[in-house]
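Morning, everyone. I'll take one sheet and then one helix pair. Have the structure open as I go.

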Amino acid sequence: MSVVAGLDIGTQSVKLLVYDTGHRRTLAVRARTLALDEGHDGSREQHPAWWITAAAQCFADLDAAVRTRIVAIGVSGQQHGFVPLDAAGEVLAPAKLWCDTSSWRECDEIMAAAGGYRQCIALAGNPILAGYTASKLPWTRKHRPDVYRRLASILLPHDYVNFWLTGERWMECGDASGTGWLDVRTRRWSSAMLAATDADRDLSACLPPLVDAHFSAPIAPATADALGLSHEVRVSAGGGDNMMAAIGTGNVAPGILSVSLGTSGTLFASTERPLVDDDGVWAAFCSSTGGGLPLICTMNCTVATGGVAEAFGLEAGEGDRLIEGTAPGADGLSMLPFFNGERTPDLPSARASLRGMNLGNFTRAHVYRAAMEGATYALRHGLDALCRAGLTFQAIRLTGGGANSAPWRQMVADVFGLPVEMPAQTEGAAFGAALQALWAWRHHAGDAVGIEGIAREHVALDESRAARPDAGRVQSYREPYQQFLEQLTVLQQAHAVSG
């Protein structure tokens, strides 16, 4: 009866989930909130020490008897972050995060040095978009020259937590594909993209080795003692939060679309190999299970609904009640919810806007619905792109904080025209990290079980929270969605002219 743990290093909090694989039940979930340093230039940073302190507190909150039963740990982490270390393994500066748009100019500089947007896709499978790790290096060279001079090791957030747990440094291809440097077709670092980032320095010397998806390493004895864990614990390769959420929602084979309604919105699918788009509409990521994970990321999901709730002084749950009293389309009010700029489509300097206001629809209920609809339409726009590539889906696996809203679950089903399934385990990324840890632990023991078998065995669905498309509402959303697409096109054209 093995007990495994999944540690999720998010933007807003650190979460620890402990799972009893024999009884198929969650033993504990612990969490600690995180601060976020925000700058007017679009910078978003956290100190890696905050993650470690929060993770250690989560372990300390467990009963000692539970801690001693843990045999493996998997780490999920927010993608694209940049943790700079010196030669001694000490952190040199705060970590710049996925939602940091201060280095958007450096994205253009790297792509120009590589030969342009499309040439980046030809070289590595992806362009360099706002927030990607690659752009943070030239930004650091300009704004923190001493840090850049002393830089000896580049880690992503989940890599740094693995380093704390084991004393070892590595990357796996799922999270590494979000740097902009990994050639996703070959699963090797692209020397051309590294040179485009800095032609005068061999950045490959700063990157740790790439490991297989079912890799694991032993926990460092000193860390095990500090956390009250066994010295026999194995730490799996881990991965980005989206890659771990794919495992945690059972999206490890073609046919399922995972959608996460979090601070950012994401939708992704499993493919046998990385799926590259010549126009870069989606991120051609690798999965953390050996395949591909084409992914659409929108930077404004619960950010939009949360911002409206705060502006109008809505209490917890009040937004859902307001949604129930309004109709699809918000009586003509629409929102482009780009409060943080946008990644998909690539509009890093865009801002949010409300359109179609009149005295009848300029109410807090309509504005809240417009925010929820705008965030949902942005994700539906991503689904359209994946479908044009030939992917087909039978159902949506919905996760994230926004998925706790019954009206939002129904809205997703109606706007997407697909049934919504809700995993019984709501902490998808942490649970996925725990299941990957189980997979790696069993491989280390000589069991060649596949991740698909583990997902089938342990990922359960909560039928009570499922949603099915309503034919009438599906029709009602078609015109508002088309209006959203038209407004988006106008914005893209305006940015193309000005940029």
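Start with a term: two strands count as paired if DSSP finds at least two bridges between them. Keep in mind that this is a predicted model.

Now apply that. Strands β17 and β18, residues 265–269 for the latter, are joined by five bridges and run antiparallel. Which residue of β18 stands opposite Val 259? Leu 267 does. Further along, Leu 261 faces Gly 265 of β18. The connection from β17 to β18 is a hairpin, through three residues.

Next, the other neighbour. β17 also pairs with β23, residues 395–399. Here the sense is parallel, again over five bridges. Ser 258 is the residue opposite Arg 397 in β23. As background, strands of a sheet pair through backbone hydrogen bonds, either parallel or antiparallel.

How covered is β17? The strand spans residues 256–261, and six of its six residues are buried. In general, side chains of a regular strand alternate between the two faces of the sheet. For β17, one side carries Ile 256, Ser 258 and Ser 260. The other carries Leu 257, Val 259 and Leu 261. Both faces are covered.

Zoom out to the whole sheet. It is open, has six strands, and its pairing is mixed. The order reads β19-β20-β18-β17-β23-β24. Why do β19 and β24 each have one side without a neighbour in the sheet? They stand at the edges, β19 at 283–286 and β24 at 420–421, and each has a single partner strand, so one side stays free of a neighbour in the sheet.

A helix packs on this sheet: α14, residues 364–388. α14 touches β17, β18 and β20, the last being 292–298. The direction of α14 makes about 20° with that of β18.

Last item, the helix pair. The axes of α11 (residues 241–248) and α16 (residues 428–444) come within 6 Å and cross at roughly 75°. Angles of 65 to 115 degrees count as roughly perpendicular, so α11 and α16 are roughly perpendicular to each other. On the α11 side, the contact uses Asp 241, Met 244, Ala 245, Ile 247 and Gly 248. On the α16 side, the residues include Phe 431, Leu 435 and Gln 436. What is the make-up of that contact? Seven nonpolar residues, four polar and one charged.

Note on methods: Residues numbered from 1 in each chain as written. Predicted model: local features only at pLDDT ≥ 70, side-chain atom pairs only at ≥ 80, totals over all residues. Heavy atoms only, no water. Buried < 20%, exposed > 50% of the residue type's maximum accessible area, 1.4 Å probe, protein only. Helix = DSSP H or I, 4+ residues; strand = E, 2+ residues; numbered from the N terminus. Axes fitted to C-alpha atoms, helices over the stretch in contact; angles between N-to-C directions. Parallel < 35°, antiparallel > 145°, perpendicular 65-115°, else oblique. Contact = heavy atoms within 4.5 Å. Nonpolar A, V, L, I, M, F, W, Y, C, P; charged D, E, K, R; others polar.
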